[in-house]
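Open the structure in your viewer and keep the selection tool ready. Each stop below says what to select next and what is there.

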Amino acid sequence: MISPALERFISQAAARSRARDEPADCVLALAPLMLDLIDRAGTFLEPRHYRSDPLGYSRNLVYDAPDESLSLYSIVWLPGQWTPVHDHGSWGVVGVVEGVLEERSYVRLSPDRGADADIDLARGGTVLLRHGAVTSFVPNPDHIHVTGVPSERPRAVSLHLYGRMMSDFNIYDVGARTRRRISVAHNES
Ligand SMILES: [Fe+2]
């Protein structure tokens, strides 16, 4: 059973993303939808969407399109849980439902965006996103970042909409200057 607010969000997000080829136009059109969705999160987020794991941040699938063109996850970050350094190979729109989500950016300095070695990353800025905040990214060039919650802050919960199933992404070893593709697990809805 899908709530009216979530159903409306999905249908509008599908229509708007389908109508736009450029990822920057996609996130421009989708960010306001995410802003509204956060306000209605209480109408569709259920206990299963708040599942957490003491071993690492927990990705709970909320919706996946039959054609895999869209996916929405509720991610639960316990204190001290972080992603690896990664990119997405897709546009994404993120909204914070609870707590403060922290994002630390990296900028790729080396010119060959397709290479898996000899990657020079520079550390970029930090963004702190409170309840109600929306952020987005596009893959041209790859948006490389670390996201999570420092150990001194309480749990955070965020909604993540992507332009594909986010079942794998590139992770980076900053010191070794390499990246590799890994599968990322989620809890089914
Ligand atoms: Fe990410």
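**Stop 1: R177.** Select R177 in this predicted model. Is R177 buried, partly exposed or exposed? With a relative accessible area of 32%, R177 is partly exposed, because that class runs between the 20% limit for buried and the 50% limit for exposed. R177 sits in the loop between strand 9 (168-173) and strand 10 (178-183). Check the backbone too. Phi of R177 is positive, about 65°, although the residue is not a glycine.

**Stop 2: E68 and P141.** Stay with backbone geometry. E68 is another residue other than glycine with a positive phi, here near 60°. Look for E68 in the loop between strand 1 and strand 2. Now go to P141, in the loop between strand 6 and strand 7. Show the bond from N140 to P141: this peptide bond is cis, with omega near 0°.

**Stop 3: the iron ion.** Center the view on the iron ion. Which protein residues are its donors? They are H86, H88 and H145, each through NE2, at 2.0 to 2.1 Å from the ion. Along the sequence, these donors follow the spacing H-x1-H-x56-H. Color H86 and H88 by accessibility. H86 has 2% relative accessibility, so it counts as buried. H88 is buried as well, at 5%.

**Stop 4: the cavity.** Keep H88 and H145 selected. Both are among the residues nearest the centre of the largest cavity, together with T147, H160 and Y162. How many cavities of 30 Å³ or more does a search of the whole structure find? The search finds 1. The space in the largest cavity is about 140 Å³. Its lining takes in 19 residues. Strand 2, strand 4 (101-108), strand 6 (134-137), strand 7 (144-148) and strand 8 each give two or more residues to that lining. By type, the lining divides into 10 nonpolar, 7 polar and 2 charged residues.

**Stop 5: the nonpolar cores.** In soluble globular proteins, nonpolar side chains tend to be buried together. Here, the largest nonpolar core has 27 residues. Select F9, M34, L72 and L161, which have the most contacts inside this core. Two or more residues come from each of helix 1, helix 2 (23-39), helix 3 (41-44), strand 1 (58-64), strand 2 (71-77), strand 3 (92-98) and strand 8 (156-162). Which element gives the most? Helix 2 does, with 7 residues.

Zoom in on M34. Beyond residues up to four places away in sequence, M34 touches F9, L72, V93, V94, G95, V134, L159 and L161. A second, separate core has 19 residues. Add V96, Y162, M166 and I171 to the selection to see part of this second core. Y162 is familiar from the cavity stop, where it lies among the residues nearest the centre.

**Stop 6: S3.** Move to the segment before helix 1 (4-18), where S3 is found. Is S3 buried or exposed? S3 counts as buried, because its relative accessibility is 11% and the cut-off for buried is under 20%. Leaving aside neighbours within four places in sequence, S3 is in contact with T43 and F44.

**Stop 7: loop positions.** Begin with L109, in the loop between strand 4 and strand 5 (121-129). L109 is exposed, at 57% relative accessible area. Apart from neighbours within four places in sequence, L109 is in contact with D120 and A122. Draw a C-alpha distance from L109 to A122: it is 6.8 Å, across 13 residues of chain.

Next, select P154 in the loop between strand 7 and strand 8. P154 is exposed, with 57% relative accessibility. Beyond neighbours within four places in sequence, P154 is in contact with P79 and V149. The C-alpha atoms of P154 and R40 are 22 Å apart, with 114 residues separating the pair along the chain.

Finish at E22, in the loop between helix 1 and helix 2. E22 counts as partly exposed, at 36% relative accessibility. From E22 to V85 the C-alpha distance is 25 Å, and the two are 63 residues apart in sequence.

Conventions: Residues are numbered from 1 along each chain as its sequence is written. This is a predicted model: local features need pLDDT of at least 70, side-chain atom pairs count only at pLDDT 80 or more; totals for chains, interfaces and linings use all residues. Side-chain values use heavy atoms; hydrogens and water are left out. Helices (H or I, at least four residues) and strands (E, at least two) are DSSP runs, numbered from the N terminus. Buried means under 20% relative accessible area, exposed over 50%, partly exposed in between (1.4 Å probe, protein chains only). Contact means heavy atoms within 4.5 Å. A nonpolar core is a set of buried Ala, Val, Leu, Ile, Met, Phe, Trp, Tyr and Cys residues joined through side-chain atoms within 4.5 Å. Donors are N, O and S atoms within 2.8 Å of the metal (3.2 Å for Na, K and Ca); water is not among the atoms, so sites may look incomplete. On a 1 Å grid over the protein atoms alone, a cavity is a set of points where a 1.4 Å probe fits but cannot get out, and a pocket is an open set with protein on both sides within 12 Å along at least five of seven lines; lining residues have an atom within 4 Å of a point. Grid points are joined across faces, edges and corners, and a volume is the space filled by probe spheres set on the points. Ala, Val, Leu, Ile, Met, Phe, Trp, Tyr, Cys and Pro count as nonpolar, Asp, Glu, Lys and Arg as charged, and the others, Gly among them, as polar.
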